Amino acid sequence: MSEAEVLTQVDGNVLIVTINRPDAKNAMNKAAAEGISAAMDRLDAEADLRCAILTGAGGTFCSGMDLKGFLRGESPSIPGRGFGGLSEWTPKKPIIAAVDGYALAGGMELALSCDLIVASASSKFGIPEAKRGLAAAAGGLIKLPRQIPPRIAMELALTGDFITAQRAYELGFINQIVEGPSLEAAKALAAKVAENGPLALIASKGIIRDSHEWTEAEMWKKQQAYIAPVFTSSDAREGAAAFAEKRKPNWQGK
């Protein structure tokens, strides 16, 4: 991993992960994918970290795959983890995408792979792979129809057109639009997330992530496997005690 490709910074209980290839509009190459993957491992490994923010340097989130690297035979994917080290899996803890400028092709698919999205008003989203004779293979054709109306996902895939942040917000794709750079608003949202019980965050994300695969007959039983450790944890008792005593809880993550 080259430190120049991906920068990490800890802000309180939040890990800020920055794709740092501004001269290439943060196009994804192998080193950047490895850097994101390593950062997500750190997120899950360090108990004090509650969530992560994924963003891009220089006013662009990610313009997709580095086509120059592609022509050299370089893959911007990590085996078992996918494009950008993130499209085919997710860490246990939440990730917020802070999007400025363009989130296109693989860049939009990285945003799709995050749990929450904050975007600047001037940002643009799209999966224009078909314009290059390619297809949105890093989740755009699979995940996008689950996050926005399928006919709109079909339109974006077949035309390759971009949509504005406002349109993405109207479709329910992003959580918040801000004027100017998105990072400060993403930090504020991350701070709200990080205040909460770490075990509760992991369980809540896991259920929302996985439950679309559950049948109605099995969903309550499957949910119980995620929920039971939360309700029997020390943190659950601490949360109740803190509420009764009108103080902030002291989470232990156990």
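# Exercises on a predicted model

The side chain of S182 comes to 3.2 Å from the backbone nitrogen of V99, a polar contact (N or O atoms within 3.5 Å; within protein, one able to donate a hydrogen and the other to accept it, and residues adjacent in sequence counting only if both atoms are side-chain atoms). The model is predicted, so local features need pLDDT of at least 70 and side-chain atom pairs pLDDT 80 or more, while totals for chains, interfaces and linings use all residues. Residues are numbered from 1 along each chain as its sequence is written, and side-chain values use heavy atoms, without hydrogens and water.

**Exercise 1.** Determine where S182 is found and whether S182 counts as buried or exposed.

*Solution.* Step 1: S182 is placed in the loop between β11 (176–178) and α7 (183–194); helices (H or I, at least four residues) and strands (E, at least two) are DSSP runs, numbered from the N terminus. Step 2: the relative accessibility of S182 is 0%, so S182 is classed as buried (under 20% relative accessible area; exposed is over 50%, partly exposed in between; 1.4 Å probe, protein chains only). Step 3: leaving aside residues up to four places away in sequence, S182 touches A98, V99, D100, V118, A119 and S120, contact being heavy atoms within 4.5 Å.

**Exercise 2.** Describe the salt bridges of E46, R209 and E238, with the accessibility of each partner.

*Solution.* Step 1: a salt bridge requires a side-chain nitrogen of Lys or Arg within 4 Å of a carboxyl oxygen of Asp or Glu. Side chains of opposite charge can pair when their charged atoms come close. The structure holds ten salt bridges. Step 2: E46 pairs with R42, with the closest N and O atoms 2.9 Å apart; E46 is partly exposed at 35%, and R42 is partly exposed at 29%. Step 3: R209 meets D210 at 2.7 Å, N to O; R209 is partly exposed at 33%, whereas D210 is buried at 16%. Step 4: E238 meets R247 at 2.7 Å, N to O; E238 is buried at 16%, whereas R247 is partly exposed at 35%. Step 5: a network of salt bridges links E5, R21 and D66.

**Exercise 3.** Compare the expected and actual span of α9, and locate its bend.

*Solution.* Step 1: the expected span is 1.5 Å times one less than the number of residues. Step 2: α9 (residues 219–231) has 13 residues and should therefore span 18 Å, in agreement with the 18 Å between its end C-alpha atoms. Step 3: α9 bends by about 40° at A225 (the angle between axes fitted to the seven residues ending there and the seven starting there). Step 4: a proline, P229, follows A225 within four residues.
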